[in-house]
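Open the model in your viewer and colour it by confidence. The stops below say what to select next and what is there.

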Amino acid sequence: MRHVLPLIWGLVAILGAIALAFVTGLIHPYEKVNGLWLVVAAACIYVLAYRFYGRWLAKQVVELNNQRVTPAVRLNDGVNFHPTNKVVLFGHHFAAIAGAGPLLGPVLAAQFGFLPGFLWLVIGAVLAGAVQDFIILVASMRRNGRSLPEIAHDELGFVTGTATAVAVLFIVVVALAGLGFAVVNALYQNAWGTFTIAMTIPIGFIMGFYLQKFRPGAVAEVSVLGVILLIAAVLFGRVVAQSSYAWLFEFDQPTLVWLLAGYGFLASVLPGWMLLVPRGYLSTFMKLGVVFLLGFGVILMAPTIEMPRVTIFASGGGPIIPGTLFPFLFITIACGAVSGFHSLVSSGTTPKMIEQESQAVVGYAAMLLESFVGVMALIAASVLIPGDYLAINTNLSADALAAMGFAPSRIAELSRLVEVDVEGRPGGAVSLAVGMASIFAALPGMAGLMAYWYQFALVFEALFILTTIDTGTRVARYLIQEMAGRVYEPFRRMNWWPGVLLSSGLVVGAWGYLIGTGSISTIWPMFGAANQLLGMLALCIGTTVLIKMWKSPYLWVTAVPMLFVGAITLVGSYEMFGMFLTKASTLAAGQAFALYLDAVLVAVVALLGLIVLSDSIKQWYGYVVLKRPFTSSEVVVPAGGGTAGRMQTAVTYDEPKKAFRLPHGGGCC
């Protein structure tokens, strides 16, 4: 095998290079691209990245070691800290990070053409997104599962810690609003989809109690049970939608917002094993099943990509995203390439569930899989005729679109096939569902079932989104409790019920308000900018963590993507600030308030980002160039001995042999 494996990896690299040449137009530049080449190119790059770059990060950069006892084992309380089966762990982490971003971001960014989005999805995930998720996950795991703001406070001091905490809290709320907006638009007046999504809550409870109380460790059994119940819910949803009880599940948008907030509150306050983890694990089956089925459909049917490689909207003036390709392509795609929101999951629930350090590679692998989801979403949107794509994602008339050079062609036929009027439903969810349904309905034996596939795709999207909303709300609750704990100590106790209820209520109330007062043109760009800015902060903190692990030769791993993500985000924030003010000046005072608020929020979070970055660079210079001693909050507890204690590193960087000086009675190294 030593001689065969290099040959196999070489063939994978060659195949990926050929596929990428077709995608970029180096081969047959004037012909439309087959969707098959996008799948092949992306898959080859991901496999090579995980095998070589991901393994190198794990072995050389962070040096994962199963001899260290993880917080899930040491601090097991059965609620927040608990060792988790590695398959369930991967399912939970992937479900938690893979929300609406990788689905809707690439769909909306298709306005600029499919090629820029594809390249950023793949390159950004391999070199930035997956690196950020993995480094922060390891950093949190080795610090008792502490959150990103707490790590920043411990490693970089009060100024950076406080700025990070405020920025993170704002970003989480905006992110949850952006994700929630998409699911509300997809489910309003949709009894089939609403019923199916509602049923995943009791199914999650059944799975949680089955695995925790009735049959502990029976992962295979609970998996089969969950999948059967989920399929039954999808199929029975159509029966409900056509029955006299359909009105029970047909809600307007304001009602859906607060129902969504109620679910987020419930998932935040209940023990993780009861609803959060099993529901996330359940949704992972559907997510992965649909993504791979979609990939199979693309490979089998080889659909033609109708969207041009680059459109005229690259220079600005687009009807969906009004800005130019740089920086708004990167801000719009957001989660599919690099997502600051992921760093909250990587320092929130997942590090409290890892049984052995080697399992932390889920941080790198899950991000690559999410990026692949983004590629599939981009393909599903790009197989639509551009005029139809724009007719779904804007409220412009057919004449207005035709004047732009993108006349709708099959929009009436598509509405008839899916049994829903899809014209003028912006947000990306509906156009993605139509594109997915078009691919699935073209499979052998699926003709005439496009309406079923459309509803199935909407349920699939909503599951993605809700799983991120429940985990995100819980993570935001942790953040508020940690911040409030500096003022009133009981808040630091994660199981103190007054703190749990109050912090959860504040979170869901904030993102529910933003959904109710915003639109996709304001919430999504703001979500994208805030999310990317948090990615910059996470990479910044990851750089500090590497310095304190004596890994300065590897700082480029986090510093290079940090600089790029920071540049696009700050430029985007500046342009958005101007756009919000300009638009607000044309509206009445009551209508303009939300836009003025958005402008202020964008400015504040960008300022906080600059504070964190400047303070961090100053400290890096002291540690790396001036060789100043530093302290680290990393916890070292080897298997079989020692007690938990923070390392108090007091060594200068140029010592030939570096050693830890632990507090009296602390752990050993």
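Begin with helix 6 (residues 114–141), where confidence peaks at a mean pLDDT of 95. Then select helix 12 (residues 276–301), where confidence is lowest, at a mean of 74. Here pLDDT is the predictor's confidence in each residue, from 0 to 100, and helices are DSSP runs (H or I, at least four residues) numbered from the N terminus. For the protein, the mean pLDDT is 82, and 91% of residues reach 70 or more. Next, select residues 643–669: pLDDT is below 50 here, and the stretch has 60 contacts in the model beyond near neighbours in sequence. Contact means heavy atoms within 4.5 Å. Where pLDDT is low, the predicted coordinates should not be read in detail.

Two notes on reading the model. Residues are numbered from 1 along each chain as its sequence is written, and side-chain values use heavy atoms, with hydrogens and water left out. This is a predicted model, so local features need pLDDT of at least 70 and side-chain atom pairs count only at pLDDT 80 or more, while totals for chains, interfaces and linings use all residues.

**Stop 1: helix 1 and helix 2**

Select residues 4–24 (helix 1) and 35–61 (helix 2). Their axes come within 8 Å and cross at roughly 140°. Axes are lines fitted to C-alpha atoms, for helices over the stretch in contact; angles run from 0 to 180 degrees between N-to-C directions. That makes helix 1 oblique to helix 2. The classes are: under 35 degrees roughly parallel, over 145 roughly antiparallel, 65 to 115 roughly perpendicular, the rest oblique.

Show side chains. From helix 1, W9, V12, L15 and F22 are among the residues in the contact; from helix 2, W37, L38, R51 and F52 are among them. By class, this contact has 17 nonpolar, one polar and one charged residues. Ala, Val, Leu, Ile, Met, Phe, Trp, Tyr, Cys and Pro count as nonpolar, Asp, Glu, Lys and Arg as charged, and the others, Gly among them, as polar.

**Stop 2: helix 1 and helix 6**

Keep helix 1 and add helix 6. The axes come within 10 Å and cross at roughly 145°. L20, V23 and T24 in helix 1 meet F114, L115, F118 and L119 in helix 6. The classes are six nonpolar, one polar and no charged residues.

**Stop 3: two loops**

Which residue does K32 meet in a salt bridge? Its partner is E306, at 2.7 Å, N to O. A salt bridge is a side-chain nitrogen of Lys or Arg within 4 Å of a carboxyl oxygen of Asp or Glu. E306 lies in the loop between helix 12 and helix 13, and K32 in the loop between helix 1 and helix 2, so the pair ties together parts 274 residues apart in sequence. The whole structure has ten salt bridges.

**Stop 4: helix 13 and helix 23**

Zoom to P327, in helix 13. The peptide bond from F326 to P327 is cis, with omega near 10°. Add helix 23 (residues 556–584): its axis is 9 Å from that of helix 13, at an angle of about 105°. The two helices are therefore roughly perpendicular. F326 and P327 are among the helix 13 residues in this contact; F564 and M579 are among those of helix 23.
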